[in-house]
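The exercises below ask you to work from the coordinates towards a reasoned description, one step at a time. Please attempt each task before reading its solution.

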Amino acid sequence: MHPYHKIFAVTGSFTTLLATAIAQDAKLPEVVPVDFVADVKPLLEGACIQCHNPEKMESEGGDYDMTTKAAAFGGGPAYGGDVIRPKEANDSPVYWMTTVHLDDPKDPEAMPPKKPLNEQQQQVLFSWIQSGAEWPEGVTLDTKPRVNYQNVRPLLAKFDALTRNDLTTLSYWVEQGADWSAVAGGEGPKDDLALTEKVRTKILAESKEKAEADMTDYTNVIPKTQVKYDMVAIKGGEFMMGSPESESARNADEGPQHKVKISPFWMGKFEVTWDQYEPFMITDVARNKDGSPQKIEQNAEPVDVISSPTTPYQEMSFGMGTQGFPAICMTEHAALKFCQWLSAQTGHYYRLPTEAEWEYACRAGTTTAYHFGDDPSKIEEYAVLDPNQTRTGYEKVGTKKPNPWGLYDMHGNVLEWCLDQYKADAYADRTGVSDNPYVRPTTLYPRVARGGSWYDTADLLRSAARTASHPDWKVQDPQLPKSIWYHTDATWLGFRLVRPLDIPDAETMNDIWNQGTRDEQKEEAPKPKTPKAIELEGKVKPLIERGGPFTKEERALLAEWVKESL
């Protein structure tokens, strides 16, 4: 911890800090010319404003708003009134709190959390304050995505095929100093097709069941955590998917009814619980925003390379309970990466169910609105729901009666992710017998979820009822861009495992495990390259191939190239 920080944490007194300043012998950065709008503003917007803004400052920003000059220099209850001391950078918490991680990377008061500033960025902040902390009147700060080397590394690898989204990300990176602080030892295996091929090799070696006759129910243990989970063998067969027009509360997207053939698979006896999911969600591994480990050893096991969620900003059960309760609020991407994480450990291929597999298993040979019949008055024997709109949370899995095939909570408790893209007319073109239908997603929204939840009334829990995912499920997410891991508002959304008997090729596995972030609609191509953009590209490409750090002149060239390309 920075010497000043220790004293400030105890006394909160800058008088005491100044009295001990002579004890500080750390080497200070060199003061270099900086411009507030060009150099400092983008850095603060990416690193600080996400928490230090009027909306978030009480919960995440320590009562300190940095969006305006008056607020930033005024300080706050947790920081005092001398947060920025012009010409005294080393006495200014806005600067020295960015150096705390040098002594203790895990210190919770190191700023910014999780993604510390590199030396060049610290030098910009130090130089600005030491030179007088000029802040032009009327200039305000807005939240911008924080972009570092780890975020842009995959983009720079596809230099000749950048989309407009890619270029926008690169523009933030350049504005924030074109960070090139690669993590030492971080060039090991990647979460890609080659990794999936390794996992598939393990699956082929360890999956003993070769035919439906070999399938039985089983209980397994997650090797990393020793937590148990139960799988139910589901024989293949045919069923009528969708609901008849005569069904009460039927929606148009449930028809027309059509015959579907399903191959055999195992399905989770219960919804995935926090006991099983939380060790995947919360780790002590430093991660990039895409969930990849910041440091990967060359000999890392596949399970340790698979992307996992970034640390959540709040307790994700929202006080409803964890031990034995269903995990909630994850995106489809998070659910699928959990399936990959589990597959890599167990040697069994897990994924989410297709919408057809889910309904087949829910119905369990029945043709009625619910797997217990058409009478909703019996539903509370089988489902956790909210008929009177008064319930405040879920219940432990398996507290109600199972369906005829021994699956619990297929109606209610939590809504369950499926693999498919949601299309209201998905059934319209299906004729004859559809063989294992699956609508491969191409856009992030909407995706299919099934079964209804503790938050819903009985009509939404019917076997044929379909739910479409929506961006509103993550309104509370404080990150920009929104997290790929959490649907913070979906406190009624979970998932259930499926293990198909047939093991697909590695390309199919990889496509499914990584489909959760697929959004082809947003992959907007850049405008045609202008002659100037082509000229600048010729100058920039050698810089990228050489790598950073970049000089101020080189960063200016990068900025000009991105601007012209956009």
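**Exercise 1. A loop residue with an unusual backbone**

In which loop does Asn436 lie? Establish its place, then its exposure, its spatial neighbours and its phi angle.

Solution. The model is a predicted one, and the steps below should be read with that in mind. Step one is to locate the residue: Asn436 lies in the loop between strand S7 (433-435) and strand S8 (447-450). Step two concerns exposure, where the relative accessibility of Asn436 is 31%, and since the class of partly exposed residues runs between 20% and 50%, Asn436 counts as partly exposed. Step three looks for neighbours that are remote along the chain: Asn436 and Ile262 are 174 residues apart in sequence, yet their C-alpha atoms are 5.2 Å apart in space. With neighbours within four places in sequence left aside, Asn436 is in contact with Lys261, Ile262 and Ser263. Step four turns to the backbone, where phi of Asn436 is near 45°, a positive value in a residue other than glycine. As background, most residues other than glycine have a negative phi, and most peptide bonds are trans.

**Exercise 2. Further backbone exceptions**

Find which residue follows Tyr445 across a cis peptide bond, and then examine the bond that follows Gly548 and the phi angle of Cys329.

Solution. Begin with the loop between S7 and S8, which is the place of Pro446; a cis peptide bond joins Tyr445 to Pro446, with omega about -10°. Next, the peptide bond from Gly548 to Pro549 is also cis, and its omega is near 5°; Pro549 has its place in the loop between H15 and H16. Finally, Cys329 lies in the loop between H11 and H12 and has a positive phi of about 70° although it is not a glycine. Because its relative accessibility is 0%, Cys329 counts as buried.

**Exercise 3. Packing of H15 against H16**

At what angle do H15 and H16 pack, and how far apart are their axes? Classify the arrangement and describe the residues that make the contact.

Solution. Two packed helices are described by the angle between their axes and the distance between the axes. For helix H15 (residues 531-546) and helix H16 (residues 552-565) the angle is about 135° and the axes are 9 Å apart. This value is outside both the perpendicular range of 65 to 115 degrees and the antiparallel range over 145, so H15 is oblique to H16. The crossing in which H15 passes H16 is left-handed. Turning to the contact, H15 contributes residues including Leu536, Val540, Leu543 and Ile544, while those from H16 include Leu557, Leu558 and Trp561. By class, the residues of this contact divide into eight nonpolar, one polar and seven charged.

**Exercise 4. Packing of H11 against H12**

Are H11 and H12 roughly parallel or roughly perpendicular to each other? Support the classification and list the residues in contact.

Solution. The two helices pack at an angle of about 95°, with their axes 11 Å apart. Since the perpendicular class covers 65 to 115 degrees, H11 and H12 are roughly perpendicular to each other. The contact is made by Gln276, Tyr277 and Phe280 of H11 together with Ala334, Lys337, Phe338 and Trp341 of H12. Sorted by class, the residues of this contact comprise five nonpolar, one polar and one charged.

**Exercise 5. The nonpolar cores**

Which residues of the largest nonpolar core touch the most other members? Trace the elements that supply this core, then look for a second one.

Solution. In soluble globular proteins, nonpolar side chains tend to be buried together. The largest nonpolar core here has 57 residues, of which Trp274, Tyr277, Phe338, Phe495 and Leu497 touch the most other members. Among the elements that each supply at least two residues of this core are helix H10 (193-206), helix H11 (274-281), helix H12 (332-346) and strand S6 (415-421). The largest share, eight residues, comes from H12. Taking Trp274 as an example, and leaving aside neighbours within four places in sequence, its contacts include Met281, Met316, Phe325, Ile328 and Tyr394. A second, separate core has 29 residues, including Met66, Trp96, Phe126 and Trp128.

Note on methods:
Residues numbered from 1 in each chain as written. Predicted model: local features only at pLDDT ≥ 70, side-chain atom pairs only at ≥ 80, totals over all residues. Heavy atoms only, no water. Axes fitted to C-alpha atoms, helices over the stretch in contact; angles between N-to-C directions. Helix = DSSP H or I, 4+ residues; strand = E, 2+ residues; numbered from the N terminus. Parallel < 35°, antiparallel > 145°, perpendicular 65-115°, else oblique. Left-handed = near helix turned anticlockwise from the far one by under 90°. Contact = heavy atoms within 4.5 Å. Nonpolar A, V, L, I, M, F, W, Y, C, P; charged D, E, K, R; others polar. Core = buried A, V, L, I, M, F, W, Y, C linked by side-chain atoms within 4.5 Å. Buried < 20%, exposed > 50% of the residue type's maximum accessible area, 1.4 Å probe, protein only.
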